[in-house]
Amino acid sequence: MKYALIGCGRISVNHIKAAKDNHFEIKAICDIVPGNMELLLEKNGFDKKTGIRCYTNYKEMIYENDIDLVSIATYSGFHAEIACFCIQHGINVIIEKPMAMSIRDANKIIELSEIYNIKVCVCHQNRFNIAVQKMREAMEQNRFGRISHGSVHVRWNRDRNYYTQALWRGTWKNDGGALMNQCIHGIDLLRWMMGDGIEEVYGVVRQQFHNYLEAEDIGMAVIKFSNGSIGTIEGTTNVFPRNLEETFYIFGEKGTVKLGGKSVNNIDVWDFADETGSDMDNKGLEETIDNVYGNGHTPLFADMVSAIENNRKPYVDAYAGRRAIELVLAVYKSAKTGQPVKLPLWDFASTDMEGVF
């Protein structure tokens, strides 16, 4: 698979590792800061003899190289623009979360991918965690019975130094706040597990401690799912003095599961009425991870190759990416208007929140 990476910042190490793990032919990388590319190549043991070409303009990179698959790991505000360009030039794309910053742009990515018959995958890599897969299997086997409610908590710390390292962080145009950036993986899991159908969302966002940003540092929401269950979201970067936890709960009539760890990579609670021998193996399960992003990029990249080769949808396709940002944007819209928001959400963007704080 002939591969290129656009964006060589913080998350790019996971993309390059996944490309190496899947034995991709890495043709080129691109970043507007040349030093970022040099550092990335150095960290991953590449030298000039490897022939990996470096670009500061992604369009030039696309024009000058034969590429099958690109992953996009730039500022969030550029994801949609770059994805659409790649799709229109016949290149399959893996997009870092969030796939876009507006419903309109997410819809455009989906529309173009269908017109040009191009595969689009969104990096909600936590779906591939062992613990998450165990939970999903139990859900698909109806072991929970009737679902009462589910809850996601991302209780992290991000200080001024984090935001000053990259001035796009915390802006409505290019990032969003705690919900769109730090909490969106948990939001994706909540919607995926609890049922994609949502009737109504009520949310509140605040800027408590980070008054040098545009966006929120805490957001909370209540979701009414179409199947009668209830979901809650808590996402914040205000926890002192460091990251506390990322947890995900599901409470059912016949089962309770709590996932925890740095990246919902552990099973903290696993209780079912119809307990089996394999359940004992799941209790206390811990998946070793190197960083907060977990191990999911490598299997996500592998699945994308399979989707391309077998002409099927990726496990985390563009519709999944759209559903995640739709829920975040619904929370934002509710917070802005002070009213519950009905889904589907037809037209809202993160930039519609400009001036809220």
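A polar contact here is a pair of N or O atoms within 3.5 Å, where, within protein, one atom must be able to donate a hydrogen and the other to accept it. With that in hand, look at Asn243: a polar atom of its side chain sits 2.8 Å from the backbone nitrogen of Asn157. Keep in mind that this is a predicted model. Below are some spots to click through, starting with Asn243 and moving on to the cysteines, a surface patch and a helix.

**Around Asn243**

- You'll find Asn243 in the loop that runs between strand E10 (230-236) and strand E11 (245-252).
- Asn243 is partly exposed, at 35% relative accessible area.
- Once neighbours within four places in sequence are set aside, Asn243 touches Arg155, Trp156, Asn157 and Arg158.
- Two of those contacts have polar details: the backbone nitrogen of Asn157 is 2.8 Å from a polar side-chain atom of Asn243, and the side chains of Asn243 and Arg158 make a polar contact of 3.2 Å.
- For a sense of distance, the C-alpha atom of Asn243 is 22 Å from that of Cys123, which is 120 residues away along the chain.

**Cysteines**

- If you're wondering about disulfides, the count for the whole structure is 0.
- A disulfide is a covalent bond between the sulfur atoms of two cysteines.
- To count as one, the two sulfurs have to be within 2.5 Å.
- Cys30 can't pair up because its closest cysteine sulfur, in Cys8, is 7.3 Å away, too far for a bond.
- Cys84 has a similar story: the closest cysteine sulfur belongs to Cys86, and at 9.4 Å that is too far for a bond.
- Both side chains are tucked away, with Cys30 buried at 4% relative accessibility and Cys84 buried at 6%.

**A nonpolar patch on the surface**

- Ile32, Val33, Tyr75 and Phe78 make up a nonpolar surface patch, with about 350 Å² of accessible area together.
- Tyr75, one of the patch members, belongs to the loop between strand E4 (69-72) and helix H4 (79-88).
- Tyr75 is partly exposed, with 31% relative accessible area; patch members need over 30%, so Tyr75 clears that cut-off.

**Helix H1 and what follows**

- Helix H1 covers residues 12-21, and its buried residues include Ser12, Asn14, His15, Ile16, Ala18 and Ala19.
- As a reminder, an α-helix has 3.6 residues a turn, so residues three or four places apart point the same way.
- Right after H1 comes His23, whose phi is positive, at about 60 degrees.

Key: Residues numbered from 1 in each chain as written. Predicted model: local features only at pLDDT ≥ 70, side-chain atom pairs only at ≥ 80, totals over all residues. Heavy atoms only, no water. Patch = residues over 30% accessible without salt bridge, like charges linked within 9 Å, V, L, I, M, F, W, Y side chains within 5 Å. Areas by Shrake-Rupley, 256 points an atom, 1.4 Å probe, with all protein chains shown as cover. Salt bridge = Lys/Arg side-chain N within 4 Å of Asp/Glu carboxyl O. Helix = DSSP H or I, 4+ residues; strand = E, 2+ residues; numbered from the N terminus. Buried < 20%, exposed > 50% of the residue type's maximum accessible area, 1.4 Å probe, protein only. Contact = heavy atoms within 4.5 Å.
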